[in-house]
Amino acid sequence: MPDKPYWEHKSLDELDVEEWEALCDDCGRCCLLKIEDQDSGRLFYTNVVCRYYDNDGSCCTRYPERSRLVPDCIKVTPEVARTRNWLPDTCAYRLLAEGKPLYPWHPLLSGNPDSVLAAGISIRDRVVSERYVHPDELPEHLAHWLDDAD
Ligand code: SF4
Ligand code: SF4
């Protein structure tokens, strides 16, 4: 038996479904709407979240059909983790793709799913649904507390 946890001795491509899904800490950051600076190409997160995000449950309410309902909702794969800069820099998939360790608050290390909220990583209670925000108003909702997209 390897003495390292699975995410340290397997590559992203080698993970089975259960191992892959366990890496998601349910922070919800990838469900935030983003704005792209047309000149620099830089992405900025807003505190406006997808209409299908459930704040209380910190989860997607339409997960199996998310790609059909929301064309911008891109399924995270090893290739996406390696190539897409819209994943937040706290995301376990992005961290591992970049050869970095998980943060201590990750549930796989803390043993407690609430540690994501306690560490201030979860978007829970900090966002508003896109149902209540006109698209033209998005620039007024920049998430300065989460300015880590590059
Ligand atoms: S940003 Fe990464 S860890 Fe957070 S919910 Fe999205 S896929 Fe999961
Ligand atoms: S459809 Fe679900 S997973 Fe996709 S962005 Fe919306 S809430 Fe997030």
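Buried means under 20% relative accessible area, a cut-off worth having at hand for the views below. The model shown here is predicted.

**View 1. Ser 129 sits in strand S5 and meets a run of residues from much earlier in the chain.**
Strand S5 covers residues 128–129, and Ser 129 belongs to it. With a relative accessible area of 16%, Ser 129 is under the cut-off and therefore counts as buried. What does Ser 129 touch, once residues up to four places away in sequence are set aside? The answer is Val 48, Val 49, Cys 50 and Arg 51.

**View 2. Val 49 is a buried residue of strand S2.**
Here we turn to the partner of Ser 129. Val 49 lies in strand S2, which spans residues 43–49. Its relative accessible area is 4%, so Val 49 is buried. How far apart in space are the C-alpha atoms of Val 49 and Ser 129? They are 4.9 Å apart, although 80 residues separate the two in sequence. Beyond its neighbours within four places in sequence, Val 49 is in contact with Cys 31, Leu 32 and Leu 33 on one stretch of the chain, and with Ile 123, Val 127, Val 128, Ser 129 and Glu 130 on another.

**View 3. Ligand 2 and the residues around it.**
Follow the chain on from Val 49 and you come to Cys 50, one of the residues that surround ligand 2. The others in this shell are Cys 31, Tyr 52, Tyr 53, Cys 60, Arg 66, Val 70 and Cys 73. Sorted by class, the shell holds seven nonpolar residues, one charged residue and no polar ones. The charged one is Arg 66. The space that ligand 2 takes up is the largest pocket.

**View 4. Ligand 1 and its own shell of residues.**
Around ligand 1 you will find Cys 24, Asp 25, Cys 27, Gly 28, Cys 30, Pro 88, Cys 91 and Tyr 93. How many of the residues in this shell are nonpolar, polar and charged? Six are nonpolar, one is polar and one is charged. Gly 28 is the polar member and Asp 25 the charged one. Ligand 1, too, takes up space described as the largest pocket.

**View 5. Ala 81 in helix H4.**
Tyr 93, seen beside ligand 1, returns here as a contact of Ala 81. Helix H4 runs over residues 78–83 and includes Ala 81. Ala 81 counts as buried because its relative accessibility is 4%. Leaving out neighbours within four places in sequence, Ala 81 also contacts Leu 12, Leu 87, Arg 94 and Ala 97. Ala 81 and Arg 94 are 13 residues apart along the chain, with 5.0 Å between their C-alpha atoms.

**View 6. Aromatic pairs, edge-to-face and stacked.**
How many aromatic pairs does a search of the whole structure find? It finds three, and two of them are shown here. Tyr 6 and Trp 7 form an edge-to-face pair, because their planes meet at 85° with the ring centres 5.2 Å apart. Tyr 103 and Trp 105 are stacked, with 10° between the planes and 5.4 Å from centre to centre. Buried or exposed? Tyr 6, at 16% relative accessibility, counts as buried, and Trp 7 is buried with a relative accessible area of 10%. In the stacked pair, Trp 105 is buried at 13%, whereas Tyr 103 is partly exposed at 37%.

Key:
Residues numbered from 1 in each chain as written. Chains lettered and ligands numbered in written order. Predicted model: local features only at pLDDT ≥ 70, side-chain atom pairs only at ≥ 80, totals over all residues. Heavy atoms only, no water. Near = heavy atom within 4 Å. 1 Å grid on protein atoms, 1.4 Å probe; cavity = no way out; pocket = protein on both sides within 12 Å on 5 of 7 lines; lining within 4 Å. Sits in = over half its atoms within 2 Å of the grid points. Helix = DSSP H or I, 4+ residues; strand = E, 2+ residues; numbered from the N terminus. Buried < 20%, exposed > 50% of the residue type's maximum accessible area, 1.4 Å probe, protein only. Contact = heavy atoms within 4.5 Å. Phe/Tyr/Trp six-rings, centres within 6.5 Å; stacked < 30°, edge-to-face > 60°.
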